[in-house]
Amino acid sequence: MKSPSVKELLTATHILQEVVINGWVKTFRSNRFIALNDGSTINNIQCVVDFENFDENLLKKVSTGAAVKISGTLVESQGRGQKVEIQVKELTVLGESDPDTYPIQPKKHSLEFLREKAHLRVRTNTFSAIMRVRSTLSFAIHQYFQKNGFVYTHTPIVTGSDAEGAGEMFRVTTLDAKNPPLTEEGEVNYKEDFFAKETNLTVSGQLEAETFAMALGKVYTFGPTFRAENSNTSRHLAEFWMVEPEVAFNDLDANMDLAEDFIKNVISYTLENCKEDIEFLEKRLLDEEKTKPQAERSEMALIEKLKFVSENNFKRVSYTEAIDILRNSKPNKKKKFKYPIDAWGADLQSEHERYLVEKHFKCPVILFDYPADIKAFYMRLNEDGKTVRAMDILFPGIGEIVGGSQREERLDVLLEKTKALGIDEEELWWYLDLRKFGTAVHSGFGLGFERLVLFATGMSNIRDVIPFPRTPQNAEF
């Protein structure tokens with residue numbers, strides 16, 4: 001007999017059918033009521049055991065965390081909270097769980113504790129809901145691009161280039177760490193390394209994606225990226241996933257149109273297809289908010305915040321206009337900002353971005369035309385010679401979630417920029433070739449996937465929205 005999922009049974013219309021179901025025990029009350037879950041839904045199905053018909057030693061093995069197989073009859077429930085339940089006829093314990101040592105007990109656990117049990121935390125309601133939302137967001141991203149004619153492109157994880165110019169990269173090498181080969185000058189001789197050059201884990205697939213966009217027109221990447229930034233904040237990971245579309249013949253305005261439409265579609269799809277999980281996470285967030293001081297509480301509930309993005313037009317504001325707004329704002333004048341805004345050219349912080357979204361414009365914001373000095377070398381220089389065609393999308397509660405730009409397609413300008421920044425032209429010869437052979441206006445952006453999951457689930461720490469977080473001094477699982 002085919003084994004249906006708990007989700008399928010809870011929505012079943014055919015009562016009095018014989019079913020076989022597998023899952024894990026959430027609770028077993030009074031030697032009679034098993035709350036069973038198989039990961040398909042936030043909800044459990046109640047399985048009712050007539051203990052007189054079962055061996056006492058067998059029932060002792062039915063504890064929280066145990067894997068069981070149940071055969072029985074699906075009937076209309078006599079209790080509250082569920083429409084159907086299973087009258088158990090056969091019960092098999094597939095895998096026991098020691099109740100004295102099993103760490104995920106039916107009680108509230110701190111998120112810090114659960115991070116130490118990352119291999120088991122997905123068995124909790126909170127993390128199973130987060131991971132289903134994460135899965136749905138991932139599907140929605142692929143669906144959006146596929147429906148809109150984009151080609152999914154796999155860019156290298158091992159690379160010899162630093163797209164961001166940050167220098168905070170993980171080195172990839174097979175050289176002996178204790179006794180590496182040296183050049184005559186006493187430097188490590190990477191010519192004897194596996195790739196015959198210094199290589200790292202990628203920080204972005206953008207540069208390689210540009211090469212494909214200039215042949216296939218519309219492409220996107222969706223894969224792991226790495227930053228060796230020694231940061232222990234709630235917003236940083238050493239390994240995370242990036243979504244990076246690149247489009248030939250798109251200018252900055254078209255890039256902003258694409259990013260806004262993409263985000264609205266992905267969030268709308270997830271709201272529609274993860275309703276129960278998001279409602280559960282919203283209730284969890286509301287309960288958490290009650291423990292905070294009034295001043296620190298969010299002004300919007302989770303679903304309201306998601307609709308705030310999916311149903312509002314994004315306000316487009318130049319960096320220069322944003323600086324004027326921030327400089328003249330009450331928090332800035334009263335020195336409430338941790339990082340005061342004094343002059344044009346300041347690199348905006350999360351507090352500034354959230355002020356623009358939540359207090360001033362009261363809608364998602366796209367900032368554009370940033371100072372060239374605070375942006376990457378590949379962004380197109382404006383005619384004023386001091387700003388670039390960059391864009392950032394700002395969300396409530398999180399600040400920047402997307403960063404992108406119109407790329408610099410002019411070879412002479414790009415060469416001047418690389419020279420000024422000390423970037424080795426020989427390392428990027430292939431990237432410069434794109435400007436020699438059929439160059440054209442093109443644009444793209446990057447979306448940190450975990451930040452999107454953070455926003456969609458209402459969680460406050462990015463370590464809680466990725467299965468196994470990689471952070472400084474932590475690669476346990």
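# Close-up legends

**View A. Val158 is partly exposed, with 34% of its relative area accessible.** Here "buried" means under 20% relative accessible area, "exposed" means over 50% and "partly exposed" is what lies in between, using a 1.4 Å probe and protein chains only. Heads-up: this is a predicted model, with local features needing pLDDT of at least 70 and side-chain atom pairs counting only at pLDDT 80 or more, while totals for chains, interfaces and linings use all residues. Residues are numbered from 1 along each chain as its sequence is written, and side-chain values use heavy atoms, with hydrogens and water left out. Val158 belongs to strand β7 (residues 158-159); strands (E, at least two residues) and helices (H or I, at least four) are DSSP runs, numbered from the N terminus. Skipping neighbours within four places in sequence, Val158 is in contact (heavy atoms within 4.5 Å) with Val172, Phe195, Thr199 and Asn200. As for Gly403, its C-alpha lies 23 Å from that of Val158, with their positions 245 residues apart in sequence.

**View B. Zooming out to the whole protein, there are 14 helices and 16 strands.** The C-alpha trace spans about 85 × 60 × 45 Å along its principal axes. Of the 477 residues, 49% count as buried. Take the contacts between residues at least 6 apart in sequence: 68% of them join residues at least 24 apart. The accessible surface (Shrake-Rupley, 1.4 Å probe, and for residues only the protein chains shown count as cover) comes to about 24,200 Å², and carbon and sulfur atoms own 49% of that.

**View C. Searching the whole structure for aromatic pairs turns up 20.** The rings of Phe145 and Tyr220 are stacked, since their centres are 4.6 Å apart and their planes sit at 25 degrees. This pair links distant parts of the chain, with Phe145 in helix α4 (residues 125-147) and Tyr220 in strand β10 (residues 218-226), 75 residues apart. Phe145 is buried, at 0% relative accessible area, and Tyr220 is also buried, with a relative accessibility of 0%. Tyr319 and Tyr370 make a tilted pair, because their ring centres are 5.4 Å apart and their planes are at 40 degrees. That pair links distant parts of the chain too: Tyr319 is in helix α9 (residues 319-327) and Tyr370 is in strand β13 (residues 365-371), 51 residues apart. Both tyrosines, Tyr319 and Tyr370, are buried. For the cut-offs, rings of Phe, Tyr and Trp (its six-membered ring) pair if their centres lie within 6.5 Å, and planes under 30 degrees apart count as stacked, over 60 as edge-to-face and the rest as tilted. Ring pairs also tie Tyr144, Phe145, Phe150, Tyr152, Tyr220, Phe262 and Phe445 into a cluster.

**View D. Two charged ends sit over tyrosine rings, with Lys375 over Tyr370 and Arg435 over Tyr431.** The rule is that NZ of Lys or CZ of Arg must be within 6 Å of the ring centre and within 35 degrees of the ring normal. The charged end of Lys375 is 4.2 Å from the centre of the Tyr370 ring. For Arg435 and the ring of Tyr431, the distance is 4.1 Å.

**View E. The largest nonpolar core holds 94 residues, and Phe262, Ile393 and Phe395 have the most contacts inside it.** Helix α4 gives the most to this core, chipping in ten residues. A nonpolar core is a set of buried Ala, Val, Leu, Ile, Met, Phe, Trp, Tyr and Cys residues joined through side-chain atoms within 4.5 Å. Not counting residues up to four places away in sequence, Phe262 touches Ile141, Tyr144, Phe145, Val243, Phe445 and Leu447. A second, separate core has 23 residues, including Phe28, Leu59, Ile86 and Val93.

**View F. Arg132, in helix α4, counts as buried at 15% relative accessibility.** Its side chain makes a polar contact with the side chain of Asp277 at 3.0 Å. (Polar contacts are N or O pairs within 3.5 Å; within protein, one must be able to donate a hydrogen and the other to accept it, and residues adjacent in sequence count only if both atoms are side-chain atoms.) Beyond its neighbours within four places in sequence, Arg132 is in contact with Gly39, Ser40, Thr41, Ile42, Cys274 and Asp277.

**View G. Lys197 lies in the loop between β8 (171-172) and β9 (199-201).** Lys197 is partly exposed, at 34% relative accessibility. Leaving out residues up to four places away in sequence, Lys197 touches Gly160, Tyr190 and Glu427.
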